Amino acid sequence: MNPVSLPLPPLLRAAALVLLGALALGGAAGCSTAADSAPRTPQEQESSPTRTPTSASTATDVGWVQLMTPMNQQAVKLLTLAAARAAEPRVRDFAVRLRTGQEAELNRLRALLTRMGLPGTDVHAGHDMPGMVTVRDLEAARAAEGPAFDRLVLVRIRDHLRQSAQVSRSEITSGRRADARELAAALVTAREASLAELERLPGAGRPLG
């Protein structure tokens, strides 16, 4: 199998789409990064430590972290609106606490991007990925009021939580990096708890429209 060269935005976007469809990138686990596959001089071979399997990044690892980061960033924007404008106090309280959790996850995701040598830019900018809070969603939220605003927030955040949990489960099963898989597991646990709480909120069962 050919090694994965990082970063390759088209490949990463494709990997993310496969992740969202329940992933079939398990075969990528045997790949190495460009840094691993590049020829090294005898001096480099003597001086550099041997890399462990958990330090190598596959397309699955890269696709996951580069998708989850903007997903959280966009969710935080909607949760910030909800924390200030939700009509139902319980929805406001939920939004405040969930925003705090998503911001903490963002810190860990950005640190992971740094460790993986990836840029902090959004490689999915302009793409409406499943579970991503879009610019149109934010515009609709700003225009909505009262119970309609609350329903919009709950529907969009539910979709975000479900899709990001699905993607993170795929990272757990198909990713290679230990630190990425550990973070993915933490995200899944947090999302399952948040989804359970969301479903108990007033208006959670009502569709948009």
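This report describes the helices of one predicted model and the way several of them pack against one another.

**Overall make-up**

The protein contains 8 helices and 0 strands, and its pattern along the sequence is accordingly written α-α-α-α-α-α-α-α. Of its 209 residues, 44% count as buried. Among contacts between residues at least 6 apart in sequence, 83% join residues that are at least 24 apart.

**The pairing of H5 and H8**

Helix H5, which covers residues 89-115, packs with helix H8, residues 178-198, at an angle of about 170° and with the two axes 11 Å apart. Because angles over 145 degrees count as roughly antiparallel, H5 is roughly antiparallel to H8. On the H5 side the contact is made by Phe94, Arg97, Leu98, Gln102, Glu105, Arg108, Leu109, Leu112 and Arg115, while H8 contributes Asp179, Ala180, Leu183, Ala186, Leu187, Ala190, Arg191, Ser194, Glu197 and Leu198. Divided by character, the residues of this contact comprise 10 nonpolar, 2 polar and 7 charged.

**Lengths of the helices**

The end-to-end spans of H4, H5 and H8, taken between the C-alpha atoms at their ends, are set out below beside the values expected at 1.5 Å a residue.

| Helix | Number of residues | Span between end C-alpha atoms | Expected span |
|---|---|---|---|
| H4 | 27 residues | 39 Å | 39 Å |
| H5 | 27 residues | 40 Å | 39 Å |
| H8 | 21 residues | 30 Å | 30 Å |

For H8 the span agrees with the expected one, and for H5 the 40 Å reached from its first C-alpha to its last is close to the 39 Å expected.

**Helix H8 and its buried face**

The buried residues of H8 are Ala180, Leu183, Ala184, Leu187, Val188, Arg191, Ser194, Leu195 and Leu198. When H8 is viewed down its axis, these buried residues fall within an arc of 150°, so they line one face of the helix. Turned away from that buried side is a face that carries the exposed residues Glu182 and Thr189. The packing partners of the buried residues of H8 are helix H4 (59-85), H5 and helix H7 (146-174).

**Helix H5 and two of its residues**

In H5 the buried residues are Val91, Phe94, Ala95, Leu98, Gln102, Glu105, Leu106, Leu109, Leu112 and Leu113, and they pack against H4, H7 and H8. Ala95 lies in this helix and counts as buried because its relative accessibility is 1%, a value under 20%. Leaving aside neighbours within four places in sequence, Ala95 is in contact with Leu79, Ala82 and Ala83. Its C-alpha atom is separated by 9.7 Å from that of Leu198, although Ala95 and Leu198 are 103 residues apart along the chain.

Arg110 also has its place in H5, but with a relative accessible area of 39% this residue is partly exposed. Not counting residues up to four places away in sequence, Arg110 touches Thr69 and Gln73. Arg110 and Gly120 are 10 residues apart in sequence, and their C-alpha atoms are 7.0 Å apart in space. After H5 comes Gly117, which has a positive phi, near 75°.

**Helix H4 and the loops beside H4 and H8**

H4 is mostly covered, with 22 of its 27 residues buried. Thr58 lies in the loop between helix H3 (42-47) and H4, and at 0% relative accessibility it counts as buried. The C-alpha atoms of Thr58 and Ser174 are separated by 9.3 Å, although these residues are 116 residues apart along the chain.

The loop between H7 and H8 holds Gly175, which counts as buried at 10% relative accessibility. Leaving aside its neighbours within four places in sequence, Gly175 is in contact with Thr60, Asp61, Ser170 and Arg181. Gly175 and Gly63 are 112 residues apart in sequence, yet the C-alpha atoms of the pair lie 9.8 Å apart in space.

Note on methods
Residues numbered from 1 in each chain as written. Predicted model: local features only at pLDDT ≥ 70, side-chain atom pairs only at ≥ 80, totals over all residues. Heavy atoms only, no water. Axes fitted to C-alpha atoms, helices over the stretch in contact; angles between N-to-C directions. Helix = DSSP H or I, 4+ residues; strand = E, 2+ residues; numbered from the N terminus. Parallel < 35°, antiparallel > 145°, perpendicular 65-115°, else oblique. Contact = heavy atoms within 4.5 Å. Nonpolar A, V, L, I, M, F, W, Y, C, P; charged D, E, K, R; others polar. Expected span 1.5 Å × (residues − 1). Buried < 20%, exposed > 50% of the residue type's maximum accessible area, 1.4 Å probe, protein only. Arc of directions from axis to C-beta.
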